[in-house]
Amino acid sequence: MVVLLQPVTFNSDVYVNPKCKPSPVPVPVIDLTDADAKTQIVKACEELGFFKVVNHGVRPDLLTQLEEEANKFFAMPQYLKEKAGPPDPFGYGSKRIGPSGDMGWLEYILLNANHHLSSTKTTAVFQQTHATFREAVEEYMDEMKRMACNVLEMVEEELSIEPKEKLSKLVKVEESDSCLRVNHYPEKEETPAKEEIGFGEHTDPQLISVLRSNDTEGLQICLKDGSWVAVPPDHSSFFIIVGDTLQVMTNGRFKSVKHRVLTNTKRSRLSMIYFAGPPLTEKIAPMSCLVLKQEDRLYKELTWSQYKSHCYKSKLGDYRLGVFEEQLPFYMSNV
């Protein structure tokens, strides 16, 4: 079924001239049913912080249904969508990303994934849609939770992390602070001369993110040398993104990757991102099984609530982990 989207008016004059390589990066593709998947996942997390998964077990018709239902929501008159906003941070938002002035060519909904924590704005989104939308969202979030835990369990096994389920349990427990974000980048009547920012460069704060989009290009990731490279879209697969929290817990062994979305096309883009987060009170620190000596720890202990609040108040592109880094002794910092 094709849903015709009503045009959304955006007055954005933010453009970017990216240092982007001419060919896409060879993104690691990992078959989750492969016996060697756990080794491949750890390698990808260490080298790129980003990889694609196939044979993930999510029904194709669920992906199609949720995409159609989301398109129906974004096709509604603006005044109806705004009944589910402004975001707090859950709910409907348009153009403005967070409270610190970041802007983008998009509209979005952010939904609480924890059924045990009420959110009036998440409820407001569901009130503006048919019951099938809520059903599809809840089933999709259950599938994303399963996939995130599966990936984290493979990481635990490959790295011999103790105690068992140290990482995956943070997402499995009822208190897990996870969420689902659906971004809609509207089509343009005219393609601008320069690429325009849909969603500015940033890292994700949580443990990992599970991303899926339609077949419209725009996603880019930043390599270690500072170059931005395009990620070819694949609507049948998922992309896993290492988040800041997992970088801290692995003491920098895994790197959270900067990514962004640029848009210069007449086709609209729809993406769905499940952010697998720990409970708000969870203490986040380098895992002792990976870092035996206290002096080798790169990050201070913090709670997820503290870091989440810090990220919410910062600019999108800020290096937000900096204030939580351990400071080297003066005599070592001057060597």
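The following questions and answers concern the strands, helices and charged side chains of a predicted model.

Me: In what order do the 8 strands of the open sheet stand?
Reply: The sheet is open and its pairing is mixed. Strand S1 (29-31) and strand S3 (91-97) each have a single partner strand, so these two stand at the edges. From one edge to the other, the order is S1-S2-S10-S7-S12-S5-S4-S3.

Me: What is the average twist from one strand to the next?
Reply: The value refers to the open sheet of 8 strands. From each strand to the next, the twist averages 25 degrees.

Me: Is strand S7 (residues 208-213) largely enclosed or largely open, and how many of its residues are buried?
Reply: A residue counts as buried when its relative accessible area is under 20%. On one side of S7, Ile 208, Val 210 and Arg 212 are buried, and on the other side Ser 209, Leu 211 and Ser 213 are buried, which leaves both faces covered. The strand is therefore largely enclosed by the rest of the structure, the buried count being 6 of the 6 residues.

Me: Which residue of S12 is the bridge partner of Ser 213?
Reply: S7 has an antiparallel pairing with strand S10 (residues 238-242) over 4 bridges, and there Ile 208 stands opposite Val 242. S7 also has an antiparallel pairing with strand S12 (residues 269-276), over 6 bridges. In S12, Ser 213 is partnered by Ser 271.

Me: Which residue of S12 stands opposite Cys 179?
Reply: S5 and S12 run antiparallel and are joined by 7 bridges. The residue of S12 that stands opposite Cys 179 is Phe 275.

Me: At about what angle does H5 run to S7?
Reply: Helix H4 (residues 120-127) packs on the sheet, where it touches S3 and strand S4 (102-112), and its direction makes about 95 degrees with that of S4. H5 lies across strand S2 (50-54), S4, S5, S7, S10 and S12. Relative to S7, H5 runs at about 130 degrees.

Me: How many residues apart are Glu 143 and Arg 146, which form a salt bridge?
Reply: The closest N and O atoms of Glu 143 and Arg 146 are 2.8 Å apart. Arg 146 is partly exposed, at 36% relative accessibility. Both residues lie in helix H5 (residues 131-159), separated by about one helical turn because their spacing is 3 residues.

Me: How many residues apart in the chain are Asp 177 and Lys 308?
Reply: These two residues form a salt bridge with closest N and O atoms 2.8 Å apart. Asp 177 is buried at 8% relative accessibility, whereas Lys 308 is partly exposed at 31%. Asp 177 lies in the loop between helix H6 (168-172) and strand S5 (179-185) and Lys 308 in helix H8 (residues 304-313), so that by these positions the pair links distant parts of the chain, the separation being 131 residues.

Me: Which residue joins Arg 59 and Asp 61 in one network of salt bridges?
Reply: The side chains of Arg 59 and Asp 61 meet in a salt bridge of 2.3 Å, N to O. Both are partly exposed, Arg 59 with a relative accessible area of 34% and Asp 61 with 46%. Salt bridges with shared partners bring a further residue into this network, namely Glu 139.

Me: How far away from Asp 204 is the nearest side chain of opposite charge?
Reply: Asp 204 lies in the loop between strand S6 (196-202) and S7, and its side chain makes a polar contact of 2.7 Å with that of Ser 209. Beyond its sequence neighbours within four places, Asp 204 is in contact with residues including Ile 241, His 259 and Phe 275. A salt bridge requires a nitrogen of Lys or Arg within 4 Å of a carboxyl oxygen. Asp 204 is buried and has no salt bridge, and the nearest side chain of opposite charge, Arg 320, stands at a distance of 6.0 Å.

Me: What is the C-alpha to C-alpha distance between Ile 284 and Tyr 307?
Reply: Ile 284 belongs to strand S13 (residues 283-284) and is buried, with a relative accessible area of 2%. Leaving aside neighbours within four places in sequence, its contacts include Val 248, Met 249, Leu 302 and Trp 304. Ile 284 and Tyr 307 are 23 residues apart in sequence, and their C-alpha atoms are separated by 9.1 Å.

Definitions and conventions. Residues are numbered from 1 along each chain as its sequence is written. This is a predicted model: local features need pLDDT of at least 70, side-chain atom pairs count only at pLDDT 80 or more; totals for chains, interfaces and linings use all residues. Side-chain values use heavy atoms; hydrogens and water are left out. Buried means under 20% relative accessible area, exposed over 50%, partly exposed in between (1.4 Å probe, protein chains only). Two strands pair if DSSP finds at least two bridges between them. Lys and Arg count as positive and Asp and Glu as negative; His and the chain ends are not counted. A polar contact is a pair of N or O atoms within 3.5 Å; within protein, one must be able to donate a hydrogen and the other to accept it, and residues adjacent in sequence count only if both atoms are side-chain atoms. Contact means heavy atoms within 4.5 Å. Axes are lines fitted to C-alpha atoms, for helices over the stretch in contact, and angles run from 0 to 180 degrees between N-to-C directions.
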